[in-house]
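Take a look at the structure below. This report covers the domains first and then the ligand.

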Amino acid sequence: MRRIDFLQLGPMKPVTSNSADQPKLVTASAQRWDEFHQAMRPRLGATAKFTREEPLAVKTTIRIGGSARLYAEPGSVEDMCLLLRAAAAAGIAVLPLGRGSNLIIPDAGVEALVISMAHENWAKFEPRPDGAVWVGAGLRLKNLCGLAAKAGLTGFEFLEGIPGNVGGALRMNAGAMGGWMFDVVEAVQLITATGECRTLDRAAMHVDYRHCAELHDAIALGALLRPSAHTDTEAVGRQIDVYKKKRQESQPREPSAGCIFKNPPGNSAGRLIDQSGLKGERVGDAEVSPIHANFMVNRGAATSADLIELVRRVRARVRAAQGVELEPEVLLYGQQWKDVL
Ligand code: EPU
């Protein structure tokens, strides 16, 4: 196999889609992705997954979208650094992937290196002698709740129903049942886009509703969490059951990306969409859930184009009927909502 030094690859050329020579450019670009892949594969640890054209729809909860030009599941900080530095040197965009619960993948896929924390090395749950708990970014929130309950740690119950992992919940400051992720965070370990590891105290971070500034361009590796108290396992389990029941009664079971829009200050996006008569509104197989209007569900074969059109339609109707401009909460992977709405 031909060895190529990633530092000599130079920046990737963007693919143009509106010129007569598109096939040539696409081929050339595919070759550059191949070159990067071949150059990096031997440098990564044996357990790291690293693939070309990895289908992403199955890695999301709404099951929509195309593939990643490059996809990696690094198993160590060293591999993560290598990938980030090589991507920065080659001008390749990097997109972190959590549990895919808050994401719409475009139908054409993503022109990027997608880095997932699915490797088991990122799923640690380690209670500390001082009462805090260290959790890896790849740990599922559901497992975090289960492990905390077993250890008699209370304060994490509200996270049970959020279908994400710790990394995604930190990045989005995910929330439910009146709490949000950063309520329980003491410190976050992250890696910057250029491969530097840092640990930031909560007090030094800029966190808001569904937003964490420090994780905008960095990837969370893990966090130190502080439970509110130690109690008995049964009491924690009972609280989890209360939240679970509430969620099951008020949110749809079909594939979705969670709530599509942020709640406007002092209001509920779900109520506004409902009051605008949009429950059941459909574009292709994308549908405004009849159970909770801020969820869009995939009835089988929805595409990202269907979903984007439905978002456009719902925003327009809510703007006309209620005078409120709804902002998407879910991420449109590798793109900006303002460019497609
Ligand atoms: N409502 C309606 N019609 C609907 C949906 C809701 O009238 O179709 C009303 C409800 O009756 C209630 C109010 O709107 O009076 C608020 O609804 P809900 O309690 O379901 O909460 P929400 O504000 O819609 C938020 C989070 C959810 C989280 C729930 C439960 C956002 C955008 N959503 O929903 O988070 O699970 O609270 O705590 O902040 C997510 O972010 O992806 C998400 C699902």
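## Domains in contact

Here, contact means heavy atoms within 4.5 Å. The model is predicted. Its protein chain is divided into domain 1 (6-120), domain 2 (123-234) and domain 3 (252-339). Between domain 1 and domain 3, 17 residues of domain 1 are in contact with 20 residues of domain 3.

The size of an interface is often given as the accessible area lost when the parts come together. For domain 1 and domain 3, the buried area is about 1,500 Å². Carbon and sulfur atoms give 60% of that area. On the side of domain 1, Ile62, Asn102 and Ile104 lose the most area to domain 3. Together they account for 42% of what that side buries.

## Where the ligand lies

Which domains give residues to the shell around the ligand? Domain 2 (123-234) and domain 3 (252-339) both do, so the ligand lies between them.

The ligand has 20 residues around it. Met177, Tyr209, Asn263, Asp274 and Ala293 come nearest. By type, the shell holds seven nonpolar, eight polar and five charged residues.

## Polar contacts and cover

Three side chains deserve a closer look. Asp274 has a side-chain N or O atom 2.8 Å from a nitrogen atom of the ligand. In Gln251, a side-chain N or O atom is 2.9 Å from an oxygen atom of the ligand. His292 places a polar side-chain atom 2.9 Å from an oxygen atom of the ligand.

How much of the ligand does the protein cover? On its own, the ligand has 810 Å² of accessible area. The protein covers 72% of that.

## Elements of the shell

Some helices and strands give two or more residues to the shell around the ligand. They are strand 9 (175-176), strand 17 (256-259) and helix 6 (269-275). Helix 6 gives the largest share, three residues.

Conventions. Residues numbered from 1 in each chain as written. Predicted model: local features only at pLDDT ≥ 70, side-chain atom pairs only at ≥ 80, totals over all residues. Heavy atoms only, no water. Near = heavy atom within 4 Å. Polar contact = N/O pair within 3.5 Å; in protein donor to acceptor, adjacent residues only side chain to side chain. Areas by Shrake-Rupley, 256 points an atom, 1.4 Å probe, with all protein chains shown as cover. Helix = DSSP H or I, 4+ residues; strand = E, 2+ residues; numbered from the N terminus. Nonpolar A, V, L, I, M, F, W, Y, C, P; charged D, E, K, R; others polar. Domains from an automatic or database assignment. Buried area = accessible area lost by both parts, 1.4 Å probe.
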